[in-house]
Amino acid sequence: MAATEFLLSQMSYSEEETLSLASRFAVELKAGDVVALCGDLGAGKTQFVKGIARQLGIPAESVTSPTFPLIHEYEGRLPLYHFDFYRLQQIEEALEIGVEEYFWGDGVCVVEWPEIVTPLLPDTYYNVNIKASGTNKRWIEIQ
């Protein structure tokens, strides 16, 4: 389920366009919002997170994929909690790191590979689908 009326379907033709689109989207974000990012490996999910970070006052270049630690925390005008559950095998692993506390906390949560934790997501959240189409082209849908 989507959190608000921010709906968008747009083609991005560069990394900078993806950053800009995510940054515009992030203007709407507030404490407690959760963004579920879906897309294949290399689709541009982490690039999208960099755009969100930029809007929150976090340097985009400081954002990296948290594949091995599962979460990176960044301080900005709101805290940004960036999860990557690609390597997660069971939902219990997410529970062990306290994911529910983050989802109901004081920051913005962005979850790459949210499929395994879908039952833990709040009733309302933003769903972002990114599909790569060639080297730099990305179809981005935000609901």
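Biologist: In this predicted model, the axes of α1 and α2 cross at roughly 50° and come within 7 Å of each other. What makes α1 oblique to α2?

Modeller: Roughly parallel is kept for angles under 35 degrees, and roughly perpendicular for 65 to 115. An angle of roughly 50° fits neither of those ranges, so α1 is called oblique to α2.

Biologist: Is the crossing of α1 and α2 left-handed or right-handed?

Modeller: The crossing of α1 and α2 is right-handed.

Biologist: Which residues meet where α1 faces α2?

Modeller: From α1 they include L19, A22, S23 and A26, and from α2 they include F48, G51, I52 and Q55.

Biologist: What makes you say that α2 is mostly covered?

Modeller: Buried means under 20% relative accessible area, and eight of the 11 residues in α2 are buried. Among them are F48, V49, I52 and A53. The buried residues of α2 pack against α1, β2, β4, β5, β6 and β7.

Biologist: Which residues touch the most other members of the largest nonpolar core?

Modeller: They are F48, I52 and L80, in a core of 25 residues. The elements that each supply at least two residues of this core are α1, α2, β2, β5, β6 and β7. Here is the broader idea: in soluble globular proteins, nonpolar side chains tend to be buried together.

Biologist: What does I52 touch, leaving out residues up to four places away in sequence?

Modeller: I52 touches A22, S23, F25, A26, L29, L80 and V110. Apart from the largest core lies another core, of 20 residues, including I71, L88, V99 and L120.

Biologist: On to the cysteines. How many disulfides does a search of the whole structure find?

Modeller: It finds zero. The cysteine sulfur nearest to that of C38 belongs to C109, 15 Å away. A disulfide needs two cysteine sulfur atoms within 2.5 Å, so C38 is in no disulfide.

Biologist: Why is C109 called buried?

Modeller: C109 has a relative accessible area of 0%. The cut-off for buried is under 20%, so C109 counts as buried. C38 has 16%, so C38 is buried too.

Biologist: And why is S9 called partly exposed?

Modeller: S9 has a relative accessible area of 43%. Buried means under 20% and exposed means over 50%, so S9, in between, is partly exposed.

Biologist: Where does S9 lie, and what does S9 touch?

Modeller: S9 lies in strand β1. Leaving out residues up to four places away in sequence, S9 touches W139, I140 and E141. S9 and I142 are 133 residues apart in sequence, but 6.4 Å apart in space, C-alpha to C-alpha.

Biologist: Which phi does L70 have, and where is L70?

Modeller: L70 has a positive phi of about 75°, although L70 is not a glycine. L70 sits in the loop between α2 and β3. With a relative accessible area of 13%, under the 20% cut-off, L70 is therefore buried.

Biologist: What about W113: buried or exposed?

Modeller: Its relative accessible area is 17%, under 20%, so W113 is buried. W113 lies in the loop between β5 and β6, and has a positive phi of about 60° without being a glycine. A glycine, G57, takes a positive phi of about 85° just after α2.

Terms used:
Residues are numbered from 1 along each chain as its sequence is written. This is a predicted model: local features need pLDDT of at least 70, side-chain atom pairs count only at pLDDT 80 or more; totals for chains, interfaces and linings use all residues. Side-chain values use heavy atoms; hydrogens and water are left out. Buried means under 20% relative accessible area, exposed over 50%, partly exposed in between (1.4 Å probe, protein chains only). A nonpolar core is a set of buried Ala, Val, Leu, Ile, Met, Phe, Trp, Tyr and Cys residues joined through side-chain atoms within 4.5 Å. Helices (H or I, at least four residues) and strands (E, at least two) are DSSP runs, numbered from the N terminus. Contact means heavy atoms within 4.5 Å. Axes are lines fitted to C-alpha atoms, for helices over the stretch in contact, and angles run from 0 to 180 degrees between N-to-C directions. Angles under 35 degrees count as roughly parallel, over 145 as roughly antiparallel, 65 to 115 as roughly perpendicular and the rest as oblique. A crossing is left-handed if the near helix is turned anticlockwise from the far one by less than a right angle, and right-handed if clockwise.
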